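Trainee: I should like to learn how to read salt bridges in a structural model. Could you take me through a case?

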Amino acid sequence: MLAWNRLLNQSGPTEFVFRVFTTVPEFQVLLFLLFLLLYLMILCGNTAIICVVCTHSSLRTPMYFFLANLSFLEICYTSVVVPLMLSNIFGAQKPIPLAGCGAQMFFFVTLGSTDCFLLAVMAYDRYAAICHPLHYGLLMTRRRCVQMVAGSVGLAVFLSLQLTALIFTLPFCGHLREIHHFLCDVPPVLRLACADTRVHQAVLYVVGILVLTVPFLLICVSYGFIGAAILRMRSARGRQRAFSTCSSHLTVVLLQYGCCSLVYLRPRSSTSEDQDRRIALVYTFVTPLLNPVIYTLRNKDVKGALRGAVFSKGASV
């Protein structure tokens, strides 16, 4: 907590700027319109899932409760990054104070970590539904679902607070430092420190293992049991339905964990700043955008509820 207070107290003299994508005005306009369009699509797609889950009684199950929370996380996650990124595309580099950079890093890491934990919770939900269908109602009560979401958020806040406070105890050389990124992420900010960062790199790897590797292993174990249960099913229709609900989640898991692992778990010697920035574009825009698309196209319940909502809206007009 003392480190966090120090971050707030040191916000005066040190400022950061983000590296621009391009200095060509025509390309700046194209990038602005592209990122704005993707951001609006993310907002609309994930908001639609939240509204459908909240308004249709047939979707008030643990799986869709977690899906609605995941969509809410995606909206918050992109909103922490994209508006500031859009404001920095045009004109001269706009400085962000030390405290502002720390706040963005804290919320970015918190929401991203919660996202990873929630994907692991969703895998356990599918395991309980497919491997223990008779006890599913007892295993996944409403109270337990809320506790799982709250636990994911609480653990993410704890890890993010410790990591962010530790990073901003470092001295940063100069008054105005350029971050080779479009957001205050941990690796690019660490590169600007004019001190030994080996301890901080080690802490980052530990947090990366807790946030990425451990949940991913739990997901793999869950899907190992799920795969065995699906193969034992006698009904072809039951196998197809189980595979359909799991494949949507597995697609999102592979995309999310794969991209994040490339940034946070690779050795520093094998990383480049431009490559990290390109990968970050994937988990900032592509994953939150594909999340509602994948779950909608591969899930008959959500697709039917959305179709019914559109038709009822059109009928009322």
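Mentor: The following exchange concerns the salt bridges of this structure and the exposure of their residues. This is a predicted model, in which local features need pLDDT of at least 70, side-chain atom pairs count only at pLDDT 80 or more, and totals for chains, interfaces and linings use all residues. Residues are numbered from 1 along each chain as its sequence is written, and side-chain values use heavy atoms, with hydrogens and water left out.

Trainee: How many salt bridges does the structure hold?

Mentor: Side chains of opposite charge can pair when their charged atoms come close. A salt bridge requires a side-chain nitrogen of Lys or Arg within 4 Å of a carboxyl oxygen of Asp or Glu. The structure holds four of them.

Trainee: Which residue forms a salt bridge with R19?

Mentor: The partner is E178, with the closest N and O atoms 3.6 Å apart. This pair links distant parts of the chain, 159 residues apart: R19 lies in the loop between β1 (15-18) and α2 (25-55), and E178 in strand β3 (residues 176-179). Helices (H or I, at least four residues) and strands (E, at least two) are DSSP runs, numbered from the N terminus.

Trainee: Is D125 buried or exposed?

Mentor: Buried means under 20% relative accessible area, exposed over 50%, and partly exposed in between (1.4 Å probe, protein chains only). D125 is buried, at 1%. Its salt-bridge partner R126, with closest N and O atoms 3.0 Å away, is buried at 10%.

Trainee: What is the relative accessibility of R198?

Mentor: R198 has 65% and counts as exposed. R198 pairs with D196, the closest N and O atoms being 2.8 Å apart, and D196 is partly exposed at 47%.
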